[in-house]
Amino acid sequence: MSGAQQNGCPEWRVMLHGFVDGELDSISAAQFEDHLATCANCRAEMEEVRAVKKIIDQDGVKWRPPEALRSQVLSMLSFEQMATASSLPRQPTVWRRALDFIRQWSFVPSLAVLATGAFLFANAPSQTLLLQDQIMASHVRSMMADHLTDVLTSDQHTVKPWFNGRIDFSPPVSDLAKDGFPLVGGRVDYIGGRSVAALVYRRHGHVINLFIWPAASAAQATTAHDGYNMKWWSDGGLVFWAISDVAAGDLAEFESFFRAAARA
């Protein structure tokens, strides 16, 4: 995204493309011209749109989406499936944003508008990133607010039944002290519009939060998000999200030990 688009005026940006294509009525056009006289960001963005329009209006020019778009769409679709099964609130998806944009401007016969709509489609935030933000916030909040656990014990036979009646599913709980990941306790957290189980482990003094809730199967993955490593997987109708500032290799070991213990 360009600097002009980052700093532009959202309330005027929707009029910009109609102005470039000469589709605004005289009053709206005059208002937008007055705004342009005082806003360097919108003037810069208008020049960018005009430059794109000039290029794609040439004969033989075809717009191709970036290669990264495929992975973004696959990630979004995976999260949409998980969100539907787990009753997570569904934020406006990338598809919906693009369709809403094109529907709103469907009366404008301009390739510049369609190209800009595709650009917004490719750069809209992924649903998975929105979930990662919530998980990271819960992880940080649990340590800042001194509310790491609701039940403080390393006894898995105490932690597991503690969740009964507090959430609508039974999470697997294992003490992994022999593997270097001792259980600290558990708590009920709130992510994506529903109550989830949070199991707390430690690794060399570092906290690992493991969030669990019911969801459809999803491919496992590892990522880094704002300085934290995250790993998620699904098993037995549940989805698991582990987050910590430990090394990615440690988090991968944690997943391996936890899954083995849960199946034992």
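These legends walk through several close-up views of a predicted model.

**View 1. The largest nonpolar core gathers residues from helices and strands.**
Welcome to the inside of the model. The largest nonpolar core has 39 residues, and those with the most contacts inside it are Trp213 and Phe254. Helices α8 (127-144), α9 (156-162) and α10 (248-263) are among the elements that each supply at least two residues of this core. The strands β2 (183-191), β3 (194-203), β4 (206-214), β6 (228-235) and β7 (238-244) each supply at least two residues as well. Six residues, the largest share, come from β7. As background, nonpolar side chains tend to be buried together in soluble globular proteins.

**View 2. Another core lies apart from the largest one.**
This core has twelve residues. If you would like some landmarks, look for Met15, Phe19, Val20 and Val49, which are among them.

**View 3. Strand β7 is covered on both faces.**
Here you can follow β7 residue by residue: seven of its seven residues are buried. Leu238, Phe240, Ala242 and Ser244 are on one side. Val239, Trp241 and Ile243 are on the other side. Keep this strand in mind for the next view.

**View 4. β7 pairs with both β4 and β6.**
The pairing of β4 and β7 is antiparallel and runs over seven bridges. Within it, Ile212 has Phe240 of β7 as its bridge partner. β6 and β7 also pair in the antiparallel sense, over seven bridges. To find your place along β7, look for Ala242, which stands opposite Lys231. The hairpin of β6 and β7 has two residues between the strands, and Gly236 takes a positive phi near 60° in this hairpin.

**View 5. Aromatic rings link up into a cluster.**
The structure holds eleven aromatic pairs. For one of them, the ring centres of Trp162 and Phe163 are 5.2 Å apart and the planes are at 80°, so this pair is edge-to-face. Both Trp162 and Phe163 are buried. Elsewhere in the view, ring pairs link Phe181, Tyr201, Trp233, Phe240, Phe254, Phe257 and Phe258 into a cluster. You have already met two of these names: Phe240 is on one side of β7, and Phe254 is one of the residues with the most contacts inside the largest core.

**View 6. Arg203 meets both a ring and a carboxyl partner.**
Arg203 lies over the face of Phe181, at 4.3 Å from the ring centre. Arg203 also forms a salt bridge with Asp250, with the closest N and O atoms 3.5 Å apart. Asp250 lies in helix α10 and Arg203 in strand β3, so this salt bridge ties together parts that are 47 residues apart in sequence. With a relative accessible area of 10%, Arg203 is buried.

**View 7. Asp189 and Arg141 form a salt bridge between a strand and a helix.**
The structure holds ten salt bridges. In this one, the closest N and O atoms of Asp189 and Arg141 are 4.0 Å apart. Asp189 sits in strand β2 and Arg141 in helix α8, 48 residues apart. Asp189 is buried, with a relative accessible area of 11%, whereas Arg141 is partly exposed at 44%. Salt bridges that share partners join Arg141, Arg187 and Asp189 into one network.

**View 8. Asp168 in a loop pairs with Arg194 in a strand.**
The closest N and O atoms of this salt bridge are 2.7 Å apart. Asp168 lies in the loop between α9 and β2, and Arg194 lies in strand β3, so the pair ties together parts that are 26 residues apart in sequence. Asp168 is exposed, with a relative accessible area of 63%. Its partner Arg194 counts as buried, at 12% relative accessibility.

**View 9. Two cysteines face the question of a bond.**
Why do Cys39 and Cys42 have no bond between their sulfurs? The sulfur of Cys42 is 3.6 Å from that of Cys39, the closest cysteine sulfur, and this is too far for a bond, because a disulfide needs the sulfur atoms within 2.5 Å. The structure holds zero disulfides. Cys39 is buried, with a relative accessible area of 8%, and Cys42 is buried too, at 1%.

Technical notes:
Residues numbered from 1 in each chain as written. Predicted model: local features only at pLDDT ≥ 70, side-chain atom pairs only at ≥ 80, totals over all residues. Heavy atoms only, no water. Buried < 20%, exposed > 50% of the residue type's maximum accessible area, 1.4 Å probe, protein only. Core = buried A, V, L, I, M, F, W, Y, C linked by side-chain atoms within 4.5 Å. Helix = DSSP H or I, 4+ residues; strand = E, 2+ residues; numbered from the N terminus. Phe/Tyr/Trp six-rings, centres within 6.5 Å; stacked < 30°, edge-to-face > 60°. Lys NZ or Arg CZ within 6 Å of the ring centre and 35° of its normal. Salt bridge = Lys/Arg side-chain N within 4 Å of Asp/Glu carboxyl O. Pairing = 2+ DSSP bridges.
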